[in-house]
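This report concerns aromatic pairing and the nonpolar core in a single protein model. Please consult the sequence and the structure shown below while reading.

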Amino acid sequence: MHKLWALVLSLLSFNALSFDLTLIDKEGNKHTFTKEQLLELEQHQINTELPWIEGSADFSGIYVQDLISQANLTMPEQITFVALNDYKVTVPSEDFTTIKPVFAIYKDGEAMSVRDKGPYWLVYPLSDRPEINEPDTHAKMIWQIKEIHF
């Protein structure tokens, strides 16, 4: 019985840490990326304060445009992100070239759990760009991302 319980717990913890990200293009084609595949892309870092955390934190991950390029797709005019709870937010593509938010995989060097707004969080550099530290930008910083549509 103890072995069965240990097996169940290990499977649950493995599933909790391994979330795939799905890109769905305008034709409805799905492009799925594992966390390991995302980590193979060039990593970028932002140190910033956010309204939902105390102090500042280091967020590391990828640029969305690199992910789109990896899928052999072209940047659309806008991108819709979908969270685990099906919350959606649409972000203009201009943000990714001018502001360069990070599609964060790690916070302070640790993989983010769902409880800590993971597995993936779109983080804007609020501390470096105080002019964007306002409610419209806050609304774009979706966490617990599972899908990207365009």
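The model is predicted. W143 has a relative accessible area of 25% and is therefore classed as partly exposed. With a relative accessible area of 32%, W52 is likewise partly exposed.

**Aromatic pairs**

A search across the whole structure yields 6 aromatic pairs. One of them joins W52 and W143 in an edge-to-face arrangement, with 5.1 Å from centre to centre and 75° between the planes. W52 belongs to the loop between β3 (44-49) and β4 (56-62), whereas W143 belongs to the loop between α5 (135-140) and β10 (145-149), so this pair ties together parts that are 91 residues apart in sequence.

F103 and Y120 form a stacked pair, because their ring centres are 5.4 Å apart and their planes lie at 25°, under the 30 degrees that counts as stacked. F103 is part of strand β7 (residues 102-107) and Y120 is part of the loop between β8 (110-111) and β9 (121-123), so the pair ties together parts that are 17 residues apart in sequence.

The accessibility of the four residues is set out in the table.

| Residue | Relative accessible area | Class |
|---|---|---|
| W52 | 32% | partly exposed |
| W143 | 25% | partly exposed |
| F103 | 0% | buried |
| Y120 | 1% | buried |

W143 also takes part in further arrangements. Together with W52, F59 and W121, W143 makes up one aromatic cluster. In addition, K117 lies over the face of W143, at 4.6 Å from the ring centre.

**Nonpolar core**

The largest nonpolar core contains 41 residues, and L23, F81 and F103 are the members that touch the most other members. Two or more residues of this core are given by each of β1 (21-24), β4, α3 (64-70), β5 (78-83), β6 (88-92), β7, β9 and β10. The largest share, 4 residues, comes from β7.

Which residues are in contact with F81, leaving aside its neighbours within four places in sequence? They are V64, Y87, K88, V89, V91, F96, F103, L122, I142, I145, E147 and I148. F103, listed among these contacts of F81, is also the stacking partner of Y120.

**An exposed loop position**

D128 is located in the loop between β9 and α5. Its relative accessibility is 59%, and D128 therefore counts as exposed. D128 and T48 are 80 residues apart in sequence, while their C-alpha atoms are 7.3 Å apart in space.

Conventions. Residues numbered from 1 in each chain as written. Predicted model: local features only at pLDDT ≥ 70, side-chain atom pairs only at ≥ 80, totals over all residues. Heavy atoms only, no water. Phe/Tyr/Trp six-rings, centres within 6.5 Å; stacked < 30°, edge-to-face > 60°. Buried < 20%, exposed > 50% of the residue type's maximum accessible area, 1.4 Å probe, protein only. Lys NZ or Arg CZ within 6 Å of the ring centre and 35° of its normal. Core = buried A, V, L, I, M, F, W, Y, C linked by side-chain atoms within 4.5 Å. Contact = heavy atoms within 4.5 Å.
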